[in-house]
Amino acid sequence: MESTGLPASTSTLRRLGLAFALLLTATYCLIVLGALVRANGAGLACPDWPLCFGQVVPEFDLKIAFEWGHRTIAGIISSVFLMLSILALRNKEARAVVRRLIPLAAAVLVLQIILGAITVWKLLAVWSVTLHLLAGNAFAVLLLLLVRALLEAAEPTPREWLARSSSACVLTSATFGLLIVQVGLGGMVSSLYAGMACPEWPMCFQGRFVPTFFGPQGVHVLHRLSAYALIPLLAICAWRTRGIPRLAFWHAAALLIGIAQVVVGIANVLLRLPAEVTGLHSALAASLVLALAMATRETWRGLGARRAAAGGAKRASETSASWVSANWASAPECSRISPDRGQ
Ligand code: HEM
């Protein structure tokens with residue numbers, strides 16, 4: 001490892017990690033606030049962008065306060081991200097850890113801001129609302145990866161939690177992929193106003209489980225089916241990784257959040273989409289994304305460390321997907337381990 005063992009460097013890395021963790025918390029709250037903006041029908045309460053009714057600070061009613069608050073907090077988060085990124089990139093130890101993640105997070109943030117503007121200009125077009133939701137979650141995941149990379153560089157973690165097999169990586173990654181599809185489908189359900197397209201549960205409409213796969217009702221059906229597929233996958237992931245420290249924790253957390261999410265999704269339908277339940281559904285979705293992102297990251301790092309320990313770290317990092325490479329690069333204790341340090 002580089003000089004991350006030095007106390008001064010360690011405390012800088014830790015402070016940066018904690019600062020990014022606070023930013024992640026704010027971003028999580030912003031995602032939930034975004035859901036509440038939509039659930040309260042306030043998406044176009046400020047009909048222009050970047051100003052609101054041509055003003056920096058408009059006259060407020062509740063809806064305008066929701067939408068203006070969402071934009072203002074987004075602006076603050078963007079500025080703090082810029083500031084922290086500059087600080088991190090100017091520090092030698094931190095730069096070694098975050099040099100790939102920060103440009104990626106910055107690109108997603110820029111995309112997110114553009115999508116936010118398009119969402120207003122295009123009057124809440126389904127595709128822009130859905131991509132805005134996905135990009136917001138992607139930014140939160142990248143912040144989480146930054147936090148973990150910085151904190152783990154400050155305090156390298158023991159490696160007894162290594163993944164047992166590469167198939168754990170494949171399964172967890174596939175489940176994470178399905179979750180992204182599920183969040184996209186959820187965004188489509190809400191932006192198509194299809195929440196009540198299936199007003200019954202467990203059936204969808206007039207006693208039929210799958211009346212159609214097309215149109216808003218079809219999207220709602222797919223959202224339900226995808227949720228029902230996710231839960232057993234999360235359960236298998238949790239079962240396969242039981243007993244492996246960290247992996248077991250994140251997989252179990254993902255499973256529990258997933259089950260709670262299905263219950264809240266059902267309540268959302270049966271209670272006719274109250275804003276609080278919709279807000280909770282979005283909060284749980286973001287929590288699930290973060291928990292499963294952590295599980296996926298830990299699984300891949302375990303595999304990376306296993307390969308590295310077997311003397312193949314360099315070859316493995318070259319042949320891996322770029323997402324994985326980026327994370328190994330931000331995980332020096334895995335990517336730079338030498339066989340003589342032992343496992
Ligand atoms: C793991 C499972 C699930 C995930 C990750 C998930 C995720 C989401 C997301 C991200 C949204 C969009 C929220 C927004 O626009 O702010 C959404 C909307 C919605 N979901 Fe789910 N969902 C899941 C399961 C379910 C289930 C099982 C049901 C019903 C049986 C359901 C019913 C709904 C409804 C009705 C909406 C639209 C809410 C509205 O229009 O206000 N969801 N979901």
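**Close-up views of an all-helix chain**

**View 1. The whole chain.** Welcome: the chain holds 11 helices and 0 strands, where helices (H or I, at least four residues) and strands (E, at least two) are DSSP runs numbered from the N terminus. This is a predicted model, in which local features need pLDDT of at least 70, side-chain atom pairs count only at pLDDT 80 or more, and totals for chains, interfaces and linings use all residues. Residues are numbered from 1 along each chain as its sequence is written. Of the 343 residues, 45% count as buried, meaning that 20 or more other C-beta atoms, placed from the backbone, lie within 10 Å of the residue's own.

**View 2. Helix α5.** Look here for residues 126–154, a helix of 29 residues. From first C-alpha to last, α5 reaches 42 Å, close to the 42 Å expected at 1.5 Å a residue (1.5 Å times one less than the number of residues). Because 24 of its 29 residues are buried, α5 is largely enclosed by the rest of the structure.

**View 3. Around the ligand.** Here 29 residues surround the ligand, with A35, G186, S190, G195 and G265 coming nearest; a residue is near if its C-beta atom, placed from the backbone, lies within 6 Å. Elements giving two or more residues to this shell are α1 (7–39), α6 (166–191), α7 (215–240), α8 (247–270) and α9 (275–319). Helix α8 gives the most, with 7 residues.

**View 4. Two domains at the ligand.** Domain 1 (1–156) and domain 2 (160–343) each supply at least three residues to the shell around the ligand, with bounds taken from an automatic or database domain assignment.

Terms used: A residue is buried if 20 or more other C-beta atoms lie within 10 Å of its own, exposed if 12 or fewer, and partly exposed in between; C-beta atoms are placed from the backbone.
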